[in-house]
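Me: Please take a close look at a single part of this model and describe how it is set within its surroundings. A connected account in formal terms would be welcome.

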Amino acid sequence: MKIYIGILCGLLLVSCKESATKILWMNQAPLIDYNDAVFKIETSNNGAIENCYVYTGLQGIKLLHITNGKYIEARVPKGIRLFAGPATLLIQTKSNHSALFHFVGAQTFNYTAKDFRSPKTLITDSSLTQQQLIYSLSRSRNLKIVNGEAAVENWNDIAPNQKTYFAQENKKETTFYVEAGSSTDIQLVMDTISMDKQLRFRSNKLLDKYGNTIVDGTRAVLFIKKGRKKIRVETKTKNGIVQYAVPKEVKTPFSLVLEIGASRSNTLYID
Amino acid sequence: MTKYFIHIFFVLAVAFIVVAVLNNQKDYELPEFVKVDELVLQHKTEIKLEVNSYVKPSQQQLEMLRKDYNAIWAHLNHLYETNETKPGMEYYTEGFFNFICSVAKPLSVHHLKREDLEHKLHITEWARDGLVCVALDSNVVFRYQPMNGEEYYTKANIAVALLLQGEHWRIDAIEFINEEKILK
């Protein structure tokens, strides 16, 4: 019986001795600047420290540490930027004890803005109002908070000029476009008769209501009416003009109308 | 003569089978949509969503966000514990991934484990094209489990910027506005 009590007491003593390994963070502060941070750590038994870690909000980083007299100096490996914000210093001893200290890590950084526009393509026929979202972030992916807001939202009216814009200079991914809408006024005229005696027709320069040339490849539909026969021909615009040569098989007289979207041209009667 | 042809045919057939089998054994990477993400499967956290933006996302968009936000935290916690950057690649934007890769190597021993228990995500900005979402995550409850030591709980306010890229919401930037220890 006595032996057991003896062993128990011994165990107790040993365990007490173990927990007596105190870990102190000497230069503890609530705010630590990561750029020149040195974590000075002292233990009752110096050699016992195995590793030091800093856990930022994102990841855990093993610190480099050297023994300097009475204490241990740990620092962030060179050239590494850490994510700023609440962080934890974890000190691990060789006897599997660990101590945790909480602090806020600071990092000097420049914020760069990211500008998102939506929709990316505006057409002058429809609304020219565009949503703009801007948020700023640092190289360490810290999001900038201003007055409790992480992003700025604007609703802009864009000028109705056909153009490619850059939300941010030199950033191709931020381009957005204003495209011409549909044409308002269509005039169909006969071209001069060429050598091959085909009848050729052309439209005027097709513009939307703001004077932008309508987009190349816009579908144009020609309706040819010859007596009771009706012929429908699809073609497309190029440089804002529709050109069409009526095949020789279609003999005069016939009438011709050009339709683009909702607009219709004058009717041409060819005798 | 035909005897030789039959021999050649058999040799070719056997060669073909050998090559096919060898080719099959080579372990190739599965396309992303076939892969099963174990980390995400095992992670289920409570996410309450609140829409405070001018542009309102549809119910379907919200469900997708909830699913991906859950996955993002599964990977952020894994990153926190192990500093392994690759498993969560699908949930980080290019810039975010580059940054976390610039910070040290994976940890050999995992001393501190983090779990997220609760979220309340306030969507403050939602892009009209549904590709950008900025949100404040208030009252996030974390449980930390040190390898040697007692677990503790914290409450945090977090701001996140998410971008919809390649079928997923991805985290682009994050800010821990504050984090405090709580009793639970």
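Reply: A residue is called buried when its relative accessible area is under 20%, exposed when it is over 50%, and partly exposed in between, with a 1.4 Å probe and protein chains only. The model is predicted, so that local features need pLDDT of at least 70 and side-chain atom pairs count only at pLDDT 80 or more, while totals for chains, interfaces and linings use all residues. Residues are numbered from 1 along each chain as its sequence is written, chains are lettered from A and ligands numbered from 1 in the order in which they are written, and side-chain values use heavy atoms, with hydrogens and water left out.

The part chosen is strand β3 of chain B, residues 132-146. Helices (H or I, at least four residues) and strands (E, at least two) are DSSP runs, numbered from the N terminus. Of the 15 residues in β3(B), eleven are buried, so the strand is largely enclosed by the rest of the structure. B:Cys133 counts as buried, at 0% relative accessibility. B:Cys101, by contrast, is partly exposed, with a relative accessible area of 37%. A disulfide is a pair of cysteine sulfur atoms within 2.5 Å, and by this rule the count over all chains is zero.

The strand has partners in β2(B) and β4(B). Two strands are said to pair if DSSP finds at least two bridges between them. Strand β2 of chain B (residues 112-126) runs antiparallel to β3(B), and twelve bridges join the two. Within this pairing, B:Leu121 has B:Asp137 of β3(B) as its bridge partner. The two strands form a hairpin with five residues between them, and in its turn B:Gly130 has a positive phi of about 70°.

Strand β4 of chain B (residues 152-165) also pairs with β3(B) in the antiparallel sense, over eleven bridges. Here B:Val141 is matched with B:Lys155 of β4(B) as bridge partner. This second hairpin again has five residues between its strands, and B:Gly149 takes a positive phi near 150°.

The setting of these hairpins is a chain with four helices and five strands, whose elements run α-α-β-α-α-β-β-β-β from the N terminus on. The radius of gyration of chain B, taken over C-alpha atoms, is 24 Å, well over the 16 Å that the globule rule (2.2 Å times the number of residues to the power 0.38) gives for 184 residues, so the chain is more spread out than a compact globule. Its C-alpha trace spans about 85 × 50 × 30 Å along the principal axes. Of the 184 residues of chain B, 43% count as buried. A contact requires heavy atoms within 4.5 Å; among the contacts of chain B between residues at least 6 apart in sequence, 60% join residues at least 24 apart.

Chain A also has antiparallel pairing: three of its strands form an open sheet in the order β10-β12-β13. The edge strands there are β10 (112-118) and β13 (151-157) of chain A, each of which pairs on one side only. Seven bridges join β12(A), residues 129-137, to β13(A), and A:Thr129 has A:Asp157 of β13(A) as its bridge partner.
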